Every structure is written in C-alpha cells, then in structure tokens.
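Student: I have a protein model to look at, and I would like to go through it step by step. Could we begin once it is in view?

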Amino acid sequence: MVSGIAPELTYKNLLKNTAGVKPLADKVTRMTKGMSGSVLYVGLTADINTITDAFNGVYEQSHHPVGSKYNPNSFSFLDNDDTVPCGITVHPNGDDDTFNTLNVFLVDTYDKWTKLTEAEYKHNKDAVQERLIAVLEHYVPNIRDYIDTAILATPITMESYTDNPKGALYGFDQSTTQSGMNGRFKNKCKRIKNLYFASAWSFPGGGYEGSIRSGNLVYQHITGFVTRRKYAIYFWAMVIA
C-alpha cells in the first residue's frame, strides 16, 4: 500500500486496528507539523494584463515591505499599514474565460486561528482579506473595480479541505532535527510490511520537487531498484578497494 496522505491519518484512521501501529501513530503525532498559510483567491472580470503592466510576463510577484515585523503567530500585523510579506501568483485561465485568478499567499499558523470564537474568527478572516486586497492595490490601484469574487482560506480551511493536520503545507516541519537522511519521515515502513509513504510528509521533504521525488523513491523501493543500487555500490566499492 502506498499512502499519499499524512502518516498520522494513515496510522490513526486507515490502520488503527493493525497490530503494532499504536507506537507508530504516537510517534508521528509528536512530530512537529510544518508551516501553514492563508490564501486569498481573487477572481477578476478581466484579463489582468489589460488592467495593469505590473504582472506582464510575470508568474509570481513577491511583496516584501522594508522593515516588516510580521509575526505569523499573532494578528498584530492588522494594526499596521503595509507590513505583510506575501506572494502574489497570477493564474490565466485561457482565452475563452472572462476570469483571471490571483492568489495572495501569506505564511500563517494554525494555532492562532483555533483560539478564536466563531465571531472573532469571522472578524479576523475579513480583516486579513481586506489587508491582502490592500496589498494588491499597491500594484493595481483600481483592482477593486475588477474583483468579482474574493475568498480567503485560512489554515483551518486548509486542514478542512486537505485533511493535512494543522493545515501543514509542507508536511512535517523541515527543521534540522526532522530533515535529511535520518530526520525526515521514511518512505518505507519498517514495522508494517509493504507499507510506503509518498508525499510532502515523507523523505526528502515538502514542495513540488520533494513530493515528486518522494513518489519516485517509492517506485524504486517497490521495483527493487534501491536494493540493486545498494548492491552495485557495495560491489564497486570492493572492486576499487
């Protein structure tokens, strides 16, 4: 079985009745989850390039205000004017569509949103959305005239739609203790036969490249390529020695 979801869910939900799985589930639950994010999805009524030249030929625009003291663990940034570092991504939807989509990504944390009441959650969600639209106005002053739809997804939204614990975008936190050959979650489970993991949660890490490479490594495990390569390395090491 190849699991592409969070190992925590694999052990706790899919394999909860499997012998010897509890220590594995407990271990991954204790591992630190990686960063999450809030993303503003903006649907426009016109091609972005007819509105502004700011994104002409550009896939992504990084917004990094000088002197920003943004802290993803609090909402204090809402009291500032323009100190929100974020990434703006343009998604053209084709010549036949009337909409272009802009994504405004903000590094965020899950825990600060879970501490809010329902009313506080809605208030802060609306406030963050307004702040990110204000960031867009730095590039396109009249952007509000072309906004048809604007929806903010918080880390809680990320968890709800993807089932990734704490809405973690890159799986486990890629710290020095949870990265590399020894620290990163392994692709092959040693305790449960024929169980493999291929996702941002497993080795070598998160992101497009990490996830794709994870799947490739699982393929190599299943086809026996890893074993053959290991023996080949041993053989040539002996020959050279």
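Student: Is D163 buried, partly exposed or exposed?
Tutor: This is a predicted model, and within it D163 is found in the loop between helix 6 and helix 7. Buried means under 20% relative accessible area and exposed means over 50%, with partly exposed in between. Because the relative accessibility of D163 is 48%, this residue counts as partly exposed.

Student: What is the phi of D163?
Tutor: D163 is not a glycine, and yet its phi has a positive sign. The value for D163 is about 70°.

Student: In which loop is N194, a residue other than glycine with a positive phi, found?
Tutor: The phi of N194 is near 60°, and at 47% relative accessibility N194 counts as partly exposed. Its place along the chain is the loop between helix 7 and strand 7.

Student: Which residue is joined to F203 by a cis peptide bond?
Tutor: The omega of this bond is about 10°, and the bond is a cis one. The partner of F203 lies in the loop between strand 7 and helix 8, which covers 207-223. That partner is P204.

Student: Why does R191, in the patch of positive charge on the surface, count as exposed?
Tutor: The patch is a gathering of K27, R30, K186, K190 and R191, and R191 itself is found in the loop between helix 7 and strand 7. The cut-off for exposed is over 50% relative accessible area. R191 counts as exposed because its relative accessibility is 60%.

Student: How much accessible area do the residues of the nonpolar surface patch have together?
Tutor: The patch is formed by M35, V107, L169 and Y170. One of them, L169, is found in the loop between helix 6 and helix 7, and L169 counts as partly exposed because its relative accessibility is 31%. Together the four residues M35, V107, L169 and Y170 have about 280 Å².

Student: How far apart are the centres of the positive and negative side chains in the protein chain?
Tutor: The protein chain has 24 positive side chains and 24 negative ones. Taking the centre of each set, the distance between the two is 22 Å.

Student: What percentage of the residues in the protein chain is buried?
Tutor: The protein chain holds nine helices and seven strands, and its accessible surface comes to about 14100 Å². A residue counts as buried when its relative accessible area is under 20%. Among the 241 residues of the protein chain, the buried share is 41%.

Terms used:
Residues numbered from 1 in each chain as written. Predicted model: local features only at pLDDT ≥ 70, side-chain atom pairs only at ≥ 80, totals over all residues. Heavy atoms only, no water. Patch = residues over 30% accessible without salt bridge, like charges linked within 9 Å, V, L, I, M, F, W, Y side chains within 5 Å. Areas by Shrake-Rupley, 256 points an atom, 1.4 Å probe, with all protein chains shown as cover. Salt bridge = Lys/Arg side-chain N within 4 Å of Asp/Glu carboxyl O. Helix = DSSP H or I, 4+ residues; strand = E, 2+ residues; numbered from the N terminus. Buried < 20%, exposed > 50% of the residue type's maximum accessible area, 1.4 Å probe, protein only. Lys, Arg positive; Asp, Glu negative; His and termini not counted. Charge placed at Lys NZ, Arg CZ, Asp CG, Glu CD.
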